[in-house]
Each structure stands twice: as structure tokens, then as C-alpha cells.
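Here are my notes from a pass through the model, point by point. Have it open beside you as you read.

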Amino acid sequence: MCLRILLRLFLFLPALAASESLNDGLLFYWDFSDPSKARLATGALPAPVSGRTVDAPCGQGIEMEGDAIRAPVVKNLTPQAGSAAFWVRPAKEVRELTADADLFFGSDHIRLRFYAPSRVLHFMTGTTKEGVGFKWNYAAVKEAWNWEANAWHHVALTWDADAGVKQLYLDGKLVSETRTEWMNPKYTGNKTMSLGASGFPAAFAQWMAWNRVISAAEAALLAQGGGKATAELKRLAAPPQKILPALRVEALPFADDPAATVVKPGQSVLLPILVSNRSGARVAARLALRLVDFWDREASRQDLAVDLAPGAWKKESIPWKAPRNGSFKMVADLEGPGTNGRRDAGSFAVLDGPASPSNRESFFGHHVNSWYDGRYIEQAARLGQGWMRGHNMLQATWWCQVQPEPGAFQFAQASKNLEYLDRHGMPILGQLFGTPTWAAASPLPRAKGYTGLPPRWDDFARYVRETVSHYKGRISHWEIGNEPEVSVFWRGSPEEFAEYCRIAYQEAKAADPACLVMAAGNTTPPWVWHERAAKAGAWKWCDVVSIHLTYNAKKSTEANEREFASVLGHFRELSAQYGATGKPLPIWNSETGISDSPWLSDLDPDTAPIEEALPDQVRAELGAIRVVQGEILMQAMGIEKHFLYFQTPMKPSVLEDVDTLEYTGAPRPKALTRAVLDAFLAKAVPVGPYVKRPEAGLWAFAWRAPSGGSLAALWCEDGNRVVLEAPDGLTAALDLFGTPKPAAARLEIGEEPVFLRVSREATAVLAHFRHARLQSVARKIEAAPIETDRPDLPALPDFVAAGEAGPAKTFFVDLAPFANFGFADEIGGDGKGGWTDEGPLNDLRAMPVGFQRYYNVPLRILEPAKNGGRSILVLKGKATTPSQPAAIPGIPIGGKVRCLYFLQAAGWGTPGTIGQYRFHYEDGSTAVSDLTIPGNTHNWWNGWAKQESAKPVAIRATNTAAGKPAWRYVRVWEWQNPKQEIPLVSFDFISAGGPQTPILLAVTGVRW
């Protein structure tokens, strides 16, 4: 059979070299014999598809009901030169189409689309050119319009951007060959390619992509049913594949009852798993199942015998009991032929005596998914979680929910989810937010959802009055808006937002004089925005300032304390200066999370490849420690409440994120340690000042206990461990999960917080820690820089969006094809080399490269050695870089974007506009953001300026003309996309042509 196929290929393709075959350059191949997996994907594997398997001319196909089959673009398709091919069988005559329908869509710039008005099939390619913008080239053919229902046809398309040629083959015949300059050889689009689209029900088969232009003879062979030959050759030439264990063990979600993942000590819990045999032979094996705790100590074990035929599977529910508080995980140790390995197979939380969900004095607030019939609210109640913020997981008070159309309010429907909170008496922070599109001051098309545009003031006043009146007695705390500095939430000016606050405050107080009103969920970075809003009166119209302040798990307690002090000082100063009382207003932290990796990390590599993890991710164990440290520090520094974001299950992943649940719906360890802390501190009052012992990295905090005596918490900075005498009156020492530790006269303290109950008064306990003799067991104290060698840089807050998004929603823009300079410059003024072309005594060769993280923004800085010595984009500046380009256009982005982070700098950066970024959208529109000094960038020699919206990163340079080390600075700047609903194609980097040299080092994007 193989010989016959090879002979047929040889006879049919005499023009091909003897070593050449259809496998050459093949990047992607899905024959749908297995709808769950492509046969070949040189990049990431596509998601499985569901549909009826059907016979096709080349073997098997898949029938889709008007939906698309999607696969990742990166490494599976190349935009510079390539080919794609597939079989298609329309479910109805194509001439019946009344709306446009995609047939193939790859890389956003390579597209096959039926255009109903003209009754043609367009082979579309496009790109962006300076001075013109984005433009499509349409190559139209009519042959496909006559395709009949249920008839198979073969399609092949090729493109070569360097030659400017594209070809379209239908049923093996060349029907279009077009020469065009409108192709982008570098653009990888929105990272997915698709076959078929909504409104085009059809069957598809043998989807292939190459990194070369296939020949006419190859296209004809494929159209003759040569798919069988191709499949055979693919099997012969396939590279060796990674051998996975035959037995697969997966943890199954608690989709119907996530509350079942929280039990009391000694209470039984069933962990559901799926065991499958993915080999071609029967597997008889023994699964060794172990229950391990947070510290990976074995608590118990049991065995499970498995005997499965090829391809068979079975579900099991494994019963466990744990004797004490803590996070517990089931681990499957696979034994037997081809089954060795460890897999995390489920987890649960054990908690005795949680806090009361109805405790209104609690410091701890939450964002819990209130949908799904309240099942996550039931889980929250078992964890003792009380205060809930009415944000995106509740929305009961949002304007677009309670009055989606002009006229009557619809509180019954909007309030449905509140009944689940009412069962447990959970307090609510209501949100006055979500202007419906009909109420925008600027005319907008009617649509569901909300707009960030300022509303018509009369309508807004009525909304606030009616809503606060309706919920009076149930909701007594109200927050005006959410992150008004972020354009998707507020597109008006700071001054307009001050008016928004005035109206909301006055109407809320008129409806419920006893209510407490706060504004406005401020993100902490844009200080200039806050000052403008404050001067316009925003904080004359609130009782509390609400902010979004993140505890960065990657930083030390001391570094977080410095940042907190800077941010809190900023808001307290503004509220005292511009508020109604002349005194600092109370501060609530109404939304932030601590990002860490899932605890279920040893997952099957098919669903969660470990290589997806970023190099500096915070492990779940450290996340559980950091959430405790962060909550205690926030409270000790005067924040009155913190609402942790957020509690809803995610997909199986190894990526870090702020979610507090595993993909199974079970609480991550950080959710449980926070619940333990909440119960430990119930109605306790913090006492200060807290204790810092820099010589040992020790931190100590105390509270006045409601029943008398005091509570305390201690920990050391990472890498430090000290021993000290226990305070007089110590009655209990507890671990991170509230479990008693052995009684001892001396305490050993490391990075894990230790909780104490003491019969003495709190101030006496703090005095003990302040003066106790410390014995250092392990020490890792970094020496503070000499005062004269400190960078000109205050403690500035992290960017919020980057931390909330996590790695799953962040991406790195590839600057490698556009880079023209490096960091080091050996010869000044030669028009090549590095940085600002000023020679080896004034460059930035000290700049760290590779993966870096600044202000919680992950960035990839090109390594010169891996990119021909080029790392950065340097533009024309009259002072030192006159020969460099005035603009670098067409840097690809692709897809819908929430915001971009630019790592940038300027040489010879005198004040003024030094350049701009010009952004191009898929619909042909553009947006422009100027680069200004001291606005969003600055001279690389200059430290922080109060007027700038960017954040400096200090780099210590040693190659200076003075012969002494000096601090130099690059900037991280957040650009908020004003058109987040439209795919962003690319951007241009443009110089203003003045003396300043604009420099771009890296770009990171965040998607919703």
C-alpha cells in the first residue's frame, strides 16, 4: 500500500525533487479522524471540537452547525510565505447565503470570505502602510458561488509577501493569481486561525498549513483525494512524539456543589476523578492515592485498582477525611507499565469555626460569583466570608441592570442574586455604576450593558435616588463608580467625574441620610488624575475614599510597606486638602487580589503544559503566606476594609492569576488562610505602632481581643529565621491554618506567619517584641544602599490591570524584526551600535534583558546576542541620532486589547512633545498618543517627576564619564485603549524630529 502511494506521488509530481514531499514545511495537519486532537501542530494544539464525524474524499471529516473550528496561529501558520488547504462540504447551496460568511480566517490578514452582495468569494490580504493606514486587497472569484449542497470541494490558498503574490485553487485548479503589495509578512494576528464561521453550516476535512508555497501539482494531488497519501507520508515522516503515560488521571470539577469542597475536621469529602486509558492496549495498574497537606506531608493513603480496555475510561469518587484545619490535596502516583508519574487529582479545604458571614465589623470583604443559583455563595458562607462588593459578580445595583431601558426600574430581576446573600446576612457594598447606553450624554446606539461616557445628569440623579431608596435597610454602604481613571469605566474628564460624585452623594444622602458613601475605587497609579478630580471637588462629596491597592507577592514586606505608605499618604493628603472636613478621609481597599499559581499544579501536560508558566510565578504555597501578610499590613496601616478579588473557577492551567479557586471549584490555600485569619481576628481591634526589627527582618503586629487579652502575628522576611522568647501570658501559638503548635518557651519565626493568643494587654506584647533579644537562625538581610547612592525614585504603586490579568491574559509584542540598536555603544556618532549613539561612557549596557517585571508588569526585553546585536527601537533625534528612522511603522498587535505597557526612554529629553504612537484598528480607524516630557516619558538621566504618568525604573550604570556609578532610568507607561471593542491591528512608533531621541525597549499587552 505504502509503495503504491509513493509510486503514485512520484508519477504525479515529476517536478518535485526526489527528497521533497507534501510533508516538507508542513506545520499543521488535522484530518479529524480524532476530533479531539490535530495530527500535527508545530505550535500549540487546537481545542477539541464537537460534531458529527462524516466520510470525506480524504478519509474522515467533521460536520459543524454554523460554527468555526479554531487553532492557534503561532508556529502553526506563517504570514510571510505559506499555504493552507482543506476540504469543505456546504450544508446548503452557497447561493442561498444572505450574509457574509468566512470560509478560512488566518492571522487576521489572510482571509477567505463569501461576500453575499456581489456573490463572490474574496481571497483577502491586508496590511498597514504609513500615510495610508490599513487596507485590504480583495481577489474575487465566482466559481464557488455555484457549489451545491452536500458536495465536497477542495480549497488551497498560497501567499508570498516578499514576492507579493497570492494564489487560490478550487478543486485543484488555479482560479486566481494576484500580485499585490497589501500583505504583512510579520503579522501573527489575534493568535487564532479558523475554518468556517457563524452562519455557514458545513463539513470540513483535512485541514493543513505549510510554511512554503505549495505547487500547482501538489494542489491538484490534494484535490484528487490525495489526502490518504498525505496521511500515509505524514505517518512515515512524523517526528518522534513525546510518550505520555498510558493512564490519564484528571481531577473533576465540583460544578454542581462547590460548597462540598469545604468541610470540618473529620468530615468526609468525595474527590471525583476521571481515569482513562489512552493507549492501544489494555492497562491493568494500581493507583497509589495519597492525601497530602499544604506542606506536602502525607496525611493518609489508599490504593485504587484499574483495569481498562484501550480507549476506555471510568469515573471514581474517592472518600477522604482530614483531622485538622488546612488545605489538602489528593495525589495520584501512577504505577505499572507506561504509567509512572505524579498527578494532582483534586483538593479540598478543612475549616473549623469560621467567622460569621454577618459580621459587619470584619475587615475582610470579597468578590464571590453570585450566579449559578448561589452555589459559590454557599461555599463562601462555609468559609465565613461576609462582606460582598456589588461589582461584576453581583451587579444587583448597577444602573444598566436596574434600569436597562428608559422608564420603570426593574429591581426584581436585578436583585435576584441578593436572596443568596440574604440567607446568610452578608453585608453588601453597593455600587452606583454602569451607565446604560440609552442614558449617555453623548448619543449612542441602544445596546445592552454599560458605557463609560458621562450620563445625562437628571437621569443619573433619578437612578441614584431610586436605587438607594429601594435598597434602604438592606444596603447602607455605597461606592460611586469604579476605577474612573480607566477609560472603559469612565470616559469623561476628572472634572466631570467630580460632578458625578456630587450628584451621587447628594441623592444618596437624600434617599438614606444614614448611608455611607465612598468614591471611587481609584486605581493607585494615575496621581495627576486624582489631583484634578480632587481640585474639582470629588472628595467633598464622599465619606470614604475607596482605592485599589495591591499587595505584590513578589516583593518583601518592607517594599510593600513603602509603597503603601506612599499611596496612602497621597490619598490622605488630597482628601484633607480638598475634602469637606479638612481632615484625611477613611480609606477602604475595595478591589485587589494576590496573584499566584494554582495549587493543583502537577496536571496532565495535555491540558496544562508546565512550559506555559512564566519564570517568576508565585507558587500557591507562597500565595497563601502573602495574602496573610498583605491583609495584616493593610489593616495595620489604617485601611479599614479590603475586598479580595475574586472567587470563581478557572480553566485547568499552570498560569498565575488572582483567582482564589482551583479549576475544580475548591479553594486555593490562600482562600483558606485568609478565612482562618478572618476567624482569628473576629472583632479584634488593631493596636499600634507595629514592630519592625530590620536587623533580623522580623515583623510583629497585635490586636486587642474582644474577650480580653490580645492577639498577635509575627513573621520574618523571606530567607530569615529568628528565635526569641515567648511573651508572658502566651496561651496558644497557631500555624497558618489556625492549628495549635507545640507549647514552647521560645518561638522560632520564619516567613510563615505565626499567630499568638496572649492574656496580656496588646501594647505590652508589642513592647516585648520590640525589645526581645533575637537569636538569628538564618539571615538574609540585604544591605541598604548608601544614602548618597539612592535612585531619585519614591515608592510608586504597581499597575493594577497587569496584576489582575495574570499571564493568561497578557502577551508580549514581538519587537525583534523592528529593533535597530543595542544597549551598548562602542563608537559614538557612527550611526550604529547602541542606545543614544554617544559611545561607551554613556550607554545603558547595564540594562537587564530577557524576562523582567517592573511595577507588576511582565516584560520581555530582547537579548542582543539572540537578535543580531539589536534589542531596542531608536528613532531620529537631531542631537545624537539624526541618521535613525523618523518612524517605525506597522508593529503588529492583533486582537482586542485592554491596554498596552510601553517600556521606553528618551535621550536628550528636553520638555515637550518628542514623538507619538499611532494605533491602527481593524475598521480602518486610528488613535494617537503623544510622547511628552515630563508626561509619559522622560530623559533617561532624570528620576521621577511629579507631573509624569509613567513610572521610572532605576538602572545602576557603572560605565560613566565620571568614573563613578550613577542611576539611569527607563519608564513603564500604561496606554489605555480607547476602542477596546475593535481589534487593534498595529501601531507606529514616530519621532517628532526634535533634539530628543525616542527609545522603545519592550511592549506588553493585556486583553480582557
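1. Let's begin with α9, keeping in mind that this is a predicted model. The buried residues of this helix are P494, F497, A498, Y500, C501, I503, A504, Y505, E507, A508, K509 and A511. Among the elements that cover them are two helices, α8 and α10 (527-535), and the strands β26, β27 (477-480) and β28 (516-523). Look at the spacing in that list too: F497, Y500 and A504 are all on it. As a reminder, an α-helix has 3.6 residues a turn, so residues three or four places apart point the same way.

2. As for geometry, α9 runs over residues 494-511, 18 residues in total. From first C-alpha to last, α9 reaches 26 Å, close to the 26 Å expected at 1.5 Å a residue.

3. Y500 of α9 turns up again at a cavity. The whole-structure search gives 6 cavities of 30 Å³ or more, and the largest has a volume of about 80 Å³. Its lining comprises 14 residues, of which F433, G481, F489, W490 and Y500 are the closest to the centre. Which classes make up this lining: nonpolar, polar or charged? The split is 8 nonpolar and 6 polar, with no charged residues.

4. Now for R446, which sits in the loop between β26 (428-432) and α8 (457-471). Is R446 buried or exposed? Its relative accessibility is 57%, and the cut-off for exposed is over 50%, so R446 counts as exposed. Leaving aside residues up to four places away in sequence, R446 touches E405, P406, T437 and W438. For R446 and E405, the separation is 41 residues in sequence and 9.0 Å in space, C-alpha to C-alpha.

5. α13 is worth a look as well. This helix covers residues 669-680, 12 residues in all, and spans 16 Å between its first and last C-alpha, close to the 16 Å expected at 1.5 Å a residue. Why call α13 largely enclosed by the rest of the structure? Because 11 of its 12 residues are buried. The buried set is P669, K670, A671, L672, T673, R674, A675, V676, L677, D678 and F680.

6. Two cis peptide bonds to check. One joins Y645 and F646, with omega at about -5°; F646 is in strand β31 (residues 639-647). Another runs from G688 to P689, with omega near 0°, and P689 belongs to strand β32 (residues 685-693).

7. Then there are backbone angles to look at. F32 is not a glycine, yet its phi is positive, about 65°. F32 is placed in the loop between β1 (26-30) and β2 (40-41), and with 0% relative accessibility it counts as buried. R119, also not a glycine, has a positive phi of about 55°. The loop that holds R119 is between β8 (110-115) and β9 (120-129), and R119 is partly exposed, at 39% relative accessible area.

8. Last, confidence. Mean pLDDT for the chain is 90, with 94% of residues at 70 or more. Over residues 1-20 the pLDDT is below 50, and this stretch has 18 contacts in the model beyond near neighbours in sequence. Residues 236-243 also have pLDDT below 50, with 3 such contacts. Where pLDDT is low, the predicted coordinates should not be read in detail.

Terms used
Residues numbered from 1 in each chain as written. Predicted model: local features only at pLDDT ≥ 70, side-chain atom pairs only at ≥ 80, totals over all residues. Heavy atoms only, no water. 1 Å grid on protein atoms, 1.4 Å probe; cavity = no way out; pocket = protein on both sides within 12 Å on 5 of 7 lines; lining within 4 Å. Points joined across faces, edges and corners; volume = space filled by probe spheres on them. Nonpolar A, V, L, I, M, F, W, Y, C, P; charged D, E, K, R; others polar. Helix = DSSP H or I, 4+ residues; strand = E, 2+ residues; numbered from the N terminus. Buried < 20%, exposed > 50% of the residue type's maximum accessible area, 1.4 Å probe, protein only. Contact = heavy atoms within 4.5 Å. Expected span 1.5 Å × (residues − 1). pLDDT = per-residue confidence, 0-100.
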